[in-house]
Amino acid sequence: MGKVYFVNGFLGAGKTRFIQELLEEDYFKIKGKTLLLLCEEGETEYDDYLMQNLNVEIKKIENEEDFTPDNLTNIEKESNPERIIIEFNGMWMRKDLEFPWYWNDIMEIAIFDTPSFDMYARNMKSLLSEQVRNAYMAVFFSADGFKDKLATYRRNVKAVNPKLNIVFKDKDGDDIVIRFEDELPYDLNAPLIDITDDAFAAFYLDSLDNIDRYIGKRVRFTAQVMKTKDQTRKSFLAGRMAMTCCEQDLSLFGVICDYDQIDELIHGSWAVIEGTLSKEFFSKYENEFLICKVEDIQICGKPKKEIIDVI
């Protein structure tokens, strides 16, 4: 079985447009058949002539209960395609989906209509989060006119999936190139960067993408002291819990802090931490992470906003 492309998004987001334009790209064309599974009737219809010329067979799955490994396997056997593209119904719960066991190369793509993003983020947080949780890429259509909000939208989805690749497009489908470093809610050039509770999520997520620009910076922030049971290093995690969609779906955002007096700290206590940032490669995770060399730490009470809301 070849690659499976799983395209998710709410009605009107631009899934059909994205898939049809993708099929027309020279680099995406194949010699064999493409099976396109439609899970909803979208506002835009596929061009029958184009689908025929591109050797695309369209089949429909109209009910959520029919999206099962057995049914998908039967449809695939009847079609015998080289690859499969799924236009999923954004109102169906991605979290509970099961695919055929041998589908081991699935690329998930989330599509958003930028003008509608705020509404879905407020009213359908859980569904929106599930659309990006396992996605490789998110595409925001009609993003022109919303440039003052794109940094926030980017942080929203990155909070759920830090590895997510994000593309913003204008109403004509052309890419929008944006530099986000000036959109941060703190001054990167300040002698001491004061990271407030509301800015902690932005700091954490931006450091994952742009770790090098934080090296050598002095920062101050409030976080919870989290010590490991097997303390092999004089360090702790300065963490904040972030609400990515609902109270039942919390993620831990944290910075590793090196501190010589680690034994004096109580696990679970809150503290105002001040220190200088560096980076270190961890082979266990095959990635680099920020390290804060603690220069001053003051124990404090719980902040008014204990849980960070990022969506």
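**Warm-up: which residues does Phe236 touch, not counting residues up to four places away in sequence?**

Step 1. Know your model: it is predicted, so local features need pLDDT of at least 70 and side-chain atom pairs count only at pLDDT 80 or more, while totals for chains, interfaces and linings use all residues. Residues are numbered from 1 along each chain as its sequence is written, and side-chain values use heavy atoms, with hydrogens and water left out.

Step 2. Set the rule: contact means heavy atoms within 4.5 Å.

Step 3. Read off the partners. Phe236 touches Val225, Met226, Lys227, Val255, Ile256, Cys257, Tyr259, Ile262, Leu265, Ile273, Val294 and Ile297.

**Exercise 1: Describe the chain as a whole.**

Step 1. Count the elements. Helices (H or I, at least four residues) and strands (E, at least two) are DSSP runs, numbered from the N terminus. Here you get seven helices and 14 strands.

Step 2. Check the extent: the C-alpha trace spans about 70 × 45 × 35 Å along its principal axes.

Step 3. Look at burial. Buried means under 20% relative accessible area, exposed over 50%, and partly exposed in between (1.4 Å probe, protein chains only). Of the 311 residues, 49% count as buried.

**Exercise 2: Work out the order of the strands in the open sheet of seven strands.**

Step 1. Recall that strands of a sheet pair through backbone hydrogen bonds, either parallel or antiparallel. Two strands count as paired if DSSP finds at least two bridges between them.

Step 2. Write the order: E3-E2-E4-E1-E5-E6-E7, with parallel pairing.

Step 3. Find the edges. E3 and strand E7 (165–168) each have a single partner strand, so one side of each has no neighbour in the sheet. On average, neighbouring strands of this sheet are turned by 20° against each other, direction ignored.

Step 4. Zoom in on two pairs. E2 (residues 34–38) and E3 (residues 56–60) pair over five bridges, and Leu36 has Ile58 in E3 as its bridge partner. E1 (residues 4–8) is joined to E4 (residues 83–87) by four bridges, with Ile84 in E4 as the partner of Val4.

Step 5. Add helices. E2, helix H2 (residues 48–53) and E3 make a right-handed β-α-β unit; right-handed means that, with the strands pointing away from the viewer, the path from the first strand over the helix to the second runs clockwise. Helix H6 (residues 150–160) lies across E5, E6 and E7, at about 150° to E7. For such angles, axes are lines fitted to C-alpha atoms, for helices over the stretch in contact, and the values run from 0 to 180 degrees between N-to-C directions.

**Exercise 3: Find residues with an unusual backbone angle.**

Step 1. Most residues other than glycine have a negative phi.

Step 2. Spot the exceptions. Asn55 has a positive phi of about 60° and is found in the loop between H2 and E3. Ser142, with phi near 55°, lies in the loop between E6 and H6.

Step 3. Check a hairpin too. E12 (residues 270–282) and E13 (residues 287–300) run antiparallel and are joined by 13 bridges. Their hairpin has four residues between the strands, and Glu286 takes a positive phi near 55° there.

Step 4. Buried or exposed? Asn55, at 33% relative accessibility, counts as partly exposed, and so does Ser142 at 21%.

**Exercise 4: Explore the largest nonpolar core.**

Step 1. Define it: a nonpolar core is a set of buried Ala, Val, Leu, Ile, Met, Phe, Trp, Tyr and Cys residues joined through side-chain atoms within 4.5 Å.

Step 2. Name the hubs. Of its 35 residues, Phe203, Phe221, Phe236 and Ile273 touch the most other members.

Step 3. Find the contributors. H7, E9, E10, E11, E12 and E13 each give two or more residues, and H7 gives the largest share, five residues.

Step 4. Look at H7 (residues 200–209) itself: eight of its 10 residues are buried, so it is largely enclosed by the rest of the structure.

**Exercise 5: Explain why Cys257 forms no disulfide.**

Step 1. A disulfide here is a pair of cysteine sulfur atoms within 2.5 Å. The structure holds zero of them.

Step 2. Check the distance. The closest cysteine sulfur to that of Cys257 is in Cys292, 4.5 Å away, which is too far for a bond.

Step 3. Compare Cys300: its closest cysteine sulfur, in Cys257, is 13 Å away, again too far.

Step 4. Add burial. Cys257 is buried at 0% relative accessibility, whereas Cys300 is partly exposed at 28%.
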